[in-house]
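Here's a quick briefing on one helix and one sheet. Have a look at the model first, then work through the points below.

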Amino acid sequence: MSIEKINGCIGCGTCVKTCPTDVIRLDPKSGKAIIKYPADCQICHLCRMYCPVDAITISPEKSIRVIVSWG
Amino acid sequence: MNNSDSNTGMTRRKFITVAGGVAGLAALGSMGIYSGWGKNETELNTEEMMNEEHSSDVLVIGSGMAGLFAAVKAHDAGSKVIMVSKGRLGSSGQTPFAKGIFAYDSKTSEVNLDEFVAQVSRSALGTNNPVYTRQMAEHSLARVNELKEWGFFDSVLYNKPFCKPMAQRNIPVVERIMITNLVKENGRIAGAAGFSLDEETIHLFKAKSVILCTGAGGFKPNGFPICDLTHDGTIMAYQIGAKVTGKEWNDGHPGKAKNPAACFDGWGNMFERKPELTSVEIHHDLGVDMNYLAYMKGNPFKMGPPGSEENINISGGPCRPAEFSRNGHAGEPPKPPKGKRPPKKGGTPPGMGGNSVGGSSAGMAIHKSEGLVPINDKCESNIPGLYAAGDALGSYMAGAIYTQVGSSLAGSAVQGGIAGEAAAEYCKTVEMQTILPVKMNEIQEEILAPLKRESGYSPAWVTQTLQGIMIPNFILYIKKEKLMQAALAYIEELRDHHMPMLRAADMHELRLAHETRNMIISAEMKLKASIMRKESRCSHYRLDYPEMDNENWQAWINIFKGDDGEMKLEKQAFGSWPV
């Protein structure tokens, strides 16, 4: 689904800044990028294109969140 | 099922929640209802939020093409400038994905400026503002030449070329801050406020003038890279009394039936191309023709090439001026630009093969046709000191239909420059205003409210509900009175009951909560304007009023907040400025 994996991250934080929809954050413990809010990914690939070490793999598939009857 | 607090103990906030809710939880439990629903699981302590204050002559909100030129030109005209962005310079909004930019060169163009403007106006069926159409063409080459100098055309990604002129001028760029409120004092603009996505900090920007370069917006649709655009600028300006226009128009971009959420893939790798120049080529495209076909024939359908048999033999539907027919041209067709192949007959546009589905850009109008109402050709709004440029300005540069190819990006550059210079001039005539702490406290409370709610509705759920109401083809695109009234009733329910109860657990969700609020208000505007416009024209199609009504509707619709707080709508004649 959307961003599949981040492999070989050097913790530069470029993807965090680059993502228009704030999907990626740096993990406070490891200092590496994590896919924190996958539901908000718009599959635009900007993070992948900006990543200096080509660490990000993206799939065109996206699952729609489960619809629940209240908030 | 409940979260365990056995490890490090409860925060003060959680303790209060649990203690205060014991009776309620017991009651719910006895009914067999899961007691955790809707509970705000925030870990943040809103009592310990930090504050940061910034000050400049001109504040530019947004960091796409319009924001870049607004900041650069305001600086060059003598102003102290700060840019603030929800994302990052050159990589947020629609700018990163725009790969064609129009440049009008009077020396090489076979069409003179008067004819260019006249041709756009004919395609736009009068909906364009010819002053802005001409301005875009007149200034486009100068802006494109500056972009060339900065390396724009040498790069797939725009952050670096955009940073160059900003760094040369030492213009500060404050990124990853969502601005939610404009501040007005004594009837004129005094600044803006918002919050950081990364730290628990509220930011106040004091400024003599503010330029909204916040882009347009949509309903976070699948298949178009606008999920960070939620009409933030329009809505915050509306809240302080600015007039807004263009809410009845639609952008009719289709998406792919296969993996419809994959913007990148749907565009056939176009996002990895370097930008290119376009020259005079005027269309009448991206309205709701395909929505009409899908409505009549079913969906998904194979998107046929222009004029193919598949697309004809359907009666009715949106009117297209004969001169801009896709099935051969009456009148004088524009010649294909030099060095470019004319579109192959029978071929599909690049990246547009395969089955198509509608609604990929749902909630957005044609570029430059929705946003703040300009009161003159300087991108100025009816609030003194407040300007807008690019898709945040309802300039009607292109009209209510997609006309000149590549003019969207060029228009953002041109209008950014115009607004920047005008704002700098305005700053010379006014003093910085004082924003009283009591006002700032009010705004801070409003910003933080979703974080403070113990329970409520998640922005994701409310957004999903809104999408279900607004995006269907029979609501947003193929419009009918009865269904729009029905949709409006739903949207009013979201506005009155759910909007005040949006909750947020962290700064990311706080952003979603404010974006959701903006989308609800935009949905209300879109429905009310669409109900009011009882005719069909350009990208607004009414099944119950399928004809163009030149007697009553040579007019734009402006929306504003009345003295009673209610949403008001008024007409403004084509070709006129607000009274």
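In this predicted model, a good part of helix H5 of chain B is tucked away: B:Tyr132, B:Thr133, B:Gln135, B:Met136, B:Ala137, B:His139, B:Ser140, B:Leu141, B:Arg143, B:Val144 and B:Leu147 are buried. Let's see what surrounds them, then move on to the sheet.

**What covers the helix**
- The cover over the buried residues of H5(B) includes three helices of chain B, namely H3 (65-76), H4 (113-123) and H10 (407-427).
- Strands E3 (100-102) and E10 (276-278) of chain B are also part of that cover.

**The shape of the helix**
- H5(B) runs over residues 130-149, which makes 20 residues.
- From first C-alpha to last, H5(B) reaches 29 Å, close to the 28 Å expected at 1.5 Å a residue.
- H5(B) has a kink of about 45° in it, centred on B:Ser140, and B:Ser140 is also one of the buried residues.
- Just after H5(B) you'll find B:Gly151, which takes a positive phi of about 90°.

**The sheet**
- Four strands of chain B make an open sheet in the order E14-E8-E19-E20, and their pairing is antiparallel.
- At the edges sit E14 (371-372) and E20 (567-573) of chain B, each pairing on one side only.
- Further in, E8 (residues 244-245) and E19 (residues 555-561) of chain B pair over two bridges, in the antiparallel sense.
- Want a partner to look up? B:Val244 has B:Ile559 in E19(B) as its bridge partner.

**A helix across the sheet**
- Helix H15 (residues 507-532) of chain B lies across E8, E19 and E20 of chain B.
- H15(B) runs at about 50° to E20(B).

Definitions and conventions. Residues numbered from 1 in each chain as written. Chains lettered and ligands numbered in written order. Predicted model: local features only at pLDDT ≥ 70, side-chain atom pairs only at ≥ 80, totals over all residues. Expected span 1.5 Å × (residues − 1). Bend = angle between axes of the 7 residues up to and from the residue. Buried ≥ 20, exposed ≤ 12 C-beta atoms within 10 Å, placed from the backbone. Contact = placed C-beta atoms within 7 Å. Pairing = 2+ DSSP bridges. Axes fitted to C-alpha atoms, helices over the stretch in contact; angles between N-to-C directions.
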